[in-house]
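Got your viewer open? Load the model, get comfortable with the selection box, and follow along stop by stop.

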Amino acid sequence: MALILSRADIQRCLDMPEAIEVMRVAFRALHTGLAQTPQRVHVALPEQGAVLSMPALLETPEYHAFGLKVITVAPQNPPQGLPLSFATVLLLDATTGRTLAILEGGWLTAMRTGAISGLATGLLARDDADVLALFGAGAQAVTQVLAIDTVCPLREVRVVNRSDEHFERLETGLHALLDPACPLIRRVASPAEALSGALLVACATTSSTPLFQWDMLAQGAHINAIGAFTLSMCEVDIETLAHVRIVVDQREAALAEAGDVVQALRAGRISGPDTWLELGEIVTGGQAGRRTSEEVTCFKSVGVAVQDVAVALHVYRRARSLGIGTEVEV
């Protein structure tokens with residue numbers, strides 16, 4: 001019997017500290033060759049939509065499973081009151097091939113994307129970092145703040161975004177998750193105001209133009225750039241990337257999809273991917289995290305499927321132990 005797990009089921013089975021530790025296992029596996037993650041496959045849909053297919057095999061002592069996440073992106077949805085994207089994760093036993101679970105992928109994706117920023121922040125941010133400049137207030141914003149606050153308790157979150165509705169939803173969501181210890185959340189008028197003295201930066205947009213300039217950043221800041229996932233998108237400008245220490249989730253994935261770093265590379269302003277660190281190198285201790293208090297670091301993530309498999313398996317095991325989910329014959 002397989003389990004069908006809804007968003008509500010997943011929320012009962014996963015918190016952010018657990019998700020961050022699962023990401024640590026996943027990226028250790030990715031770096032040590034215990035995970036297979038083919039590049040995601042893009043299939044065009046009508047009206048500029050797309051289907052993204054993301055398979056991965058995880059083969060660690062703690063986690064052994066195959067997973068496939070399917071994401072649909074439909075730009076015509078929001079005007080009709082529908083989400084821009086939907087996601088579903090299929091989890092299989094890697095030995096027998098048996099279907100273990102079918103999971104709602106939206107919250108799972110938001111949690112694992114937030115968690116990887118939390119892991120990177122814990123490894124790369126300064127110990128005294130407590131002000132976050134957040135660009136974007138969409139679907140990923142809540143878990144970005146939640147994850148960063150988990151590893152660096154925040155005093156203030158300054159939000160730069162366009163939609164009043166999205167900001168209000170973000171504020172309500174964060175208070176629901178973090179009260180009574182929710183930091184001050186305020187919307188600011190400009191990137192410069194958001195970044196003044198902020199040692200933490202989170203970029204969670206689909207922008208095709210840079211969100212800020214190098215001279216706006218505080219000395220010693222750490223940036224998590226998780227929004228741009230195609231070669232035409234760009235959240236972090238070339239001048240900033242020319243000055244920072246670049247860390248990626250996976251070099252191959254960044255070269256295929258990270259518009260920020262690829263545009264800087266093509267412009268000749270940064271060196272090739274052999275000079276970029278992979279997060280797994282820091283997780284395993286092969287490379288140092290933050291080296292000085294003045295260093296500016298940037299974690300550029302496009303997301304890799306091993307994240308989805310690891311967190312899906314964790315949720316599946318917890319659901320089984322708690323008796324959560326709907327059992328079906330498949």
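Select Gln48 and have a look at how open it is: at 74% relative accessibility, Gln48 counts as exposed. You'll find Gln48 in the loop between β3 and β4. Keep in mind that this is a predicted model, so treat what you see as computed. Now check the backbone: Gln48 has a positive phi of about 65°, although it is not a glycine. Here is some background for that: most residues other than glycine have a negative phi, and most peptide bonds are trans.

Add Glu47 to your selection. Glu47 sits in the loop between β3 (41-45) and β4 (49-59), and phi of Glu47 is positive too, near 55°. Is Glu47 buried or exposed? Glu47 is exposed, with a relative accessible area of 58%.

**Zoom out to the whole chain**

Show everything as a cartoon. You should be able to follow 11 helices and 16 strands. The radius of gyration of the chain is 19 Å, close to the 20 Å that the globule rule gives for 330 residues, so the chain is as compact as a globular protein of that length. Turn the chain around and you'll see a C-alpha trace that spans about 60 × 40 × 40 Å along its principal axes.

Switch on a surface. The chain exposes about 13,800 Å², and carbon and sulfur atoms supply 53% of that area. As for what is hidden, 54% of the 330 residues count as buried. Among contacts with a separation of 6 or more, 70% are between residues 24 or more positions apart.

**Helix α3**

Next, select residues 105-124, which make up helix α3. This helix has 20 residues and reaches 28 Å from its first C-alpha to its last, close to the 28 Å expected at 1.5 Å a residue. How many of the residues of α3 are buried? The count is 17 of the 20, so α3 is largely enclosed by the rest of the structure. Now zoom in on the start of α3, where a side-chain oxygen of Glu104 comes to within 2.8 Å of the backbone nitrogen of Gly106.

**A cis peptide bond**

Jump to Pro180, in the loop between α5 (164-178) and β10 (184-187). Look at the peptide bond leading from Asp179 into Pro180: this bond is cis, with omega near 5°.

**Cysteines without partners**

Color the cysteines. A disulfide is a covalent bond between the sulfur atoms of two cysteines. How many disulfides does a search of the whole structure find? The search finds 0. Take Cys182: the nearest cysteine sulfur belongs to Cys152 and is 16 Å away, while a disulfide needs the two sulfur atoms within 2.5 Å, so Cys182 is in no disulfide. Cys182 is buried, with a relative accessible area of 15%. Then try Cys203, which is in no disulfide either; the nearest cysteine sulfur, that of Cys298, is 7.4 Å away. Cys203 counts as buried, at 0% relative accessibility.

**Ala194 in helix α6**

Select Ala194, part of helix α6 (residues 191-195). Ala194 is buried, with a relative accessible area of 0%. Which residues does Ala194 contact, leaving aside neighbours within four places in sequence? They are Ala133, Arg158, Val160 and Val188. Draw a distance line from Ala194 to Ala133: these two are 61 residues apart along the chain, yet their C-alpha atoms are separated by 5.2 Å.

**Last stop: Asp260 and helix α9**

Finally, select residues 259-266, helix α9, and highlight Asp260 within it. Asp260 is buried, with a relative accessible area of 1%. Show the side chain of Asp260 and look for a polar atom on it that lies 2.9 Å from the backbone nitrogen of Val236. Beyond residues up to four places away in sequence, Asp260 touches Ala228, Met233, Cys234, Glu235, Val236, Leu241 and Lys300. For a contrast with the Ala194 pair, draw a line to Val309: Asp260 and Val309 are 49 residues apart in sequence and 26 Å apart in space, C-alpha to C-alpha.

Asp260 has buried company in α9, including Gly259, Val261, Val262 and Ala264. To see what covers them, show α7 (238-243), β13 (245-248), α8 (251-257) and β15 (297-300), which the buried residues of α9 pack against. Follow the chain out of α9 and stop at Gly268, whose phi is positive, near 75°.

Terms used: Residues numbered from 1 in each chain as written. Predicted model: local features only at pLDDT ≥ 70, side-chain atom pairs only at ≥ 80, totals over all residues. Heavy atoms only, no water. Buried < 20%, exposed > 50% of the residue type's maximum accessible area, 1.4 Å probe, protein only. Helix = DSSP H or I, 4+ residues; strand = E, 2+ residues; numbered from the N terminus. Expected span 1.5 Å × (residues − 1). Polar contact = N/O pair within 3.5 Å; in protein donor to acceptor, adjacent residues only side chain to side chain. Rg over C-alpha atoms; globule rule 2.2 N^0.38 Å. Contact = heavy atoms within 4.5 Å. Areas by Shrake-Rupley, 256 points an atom, 1.4 Å probe, with all protein chains shown as cover.
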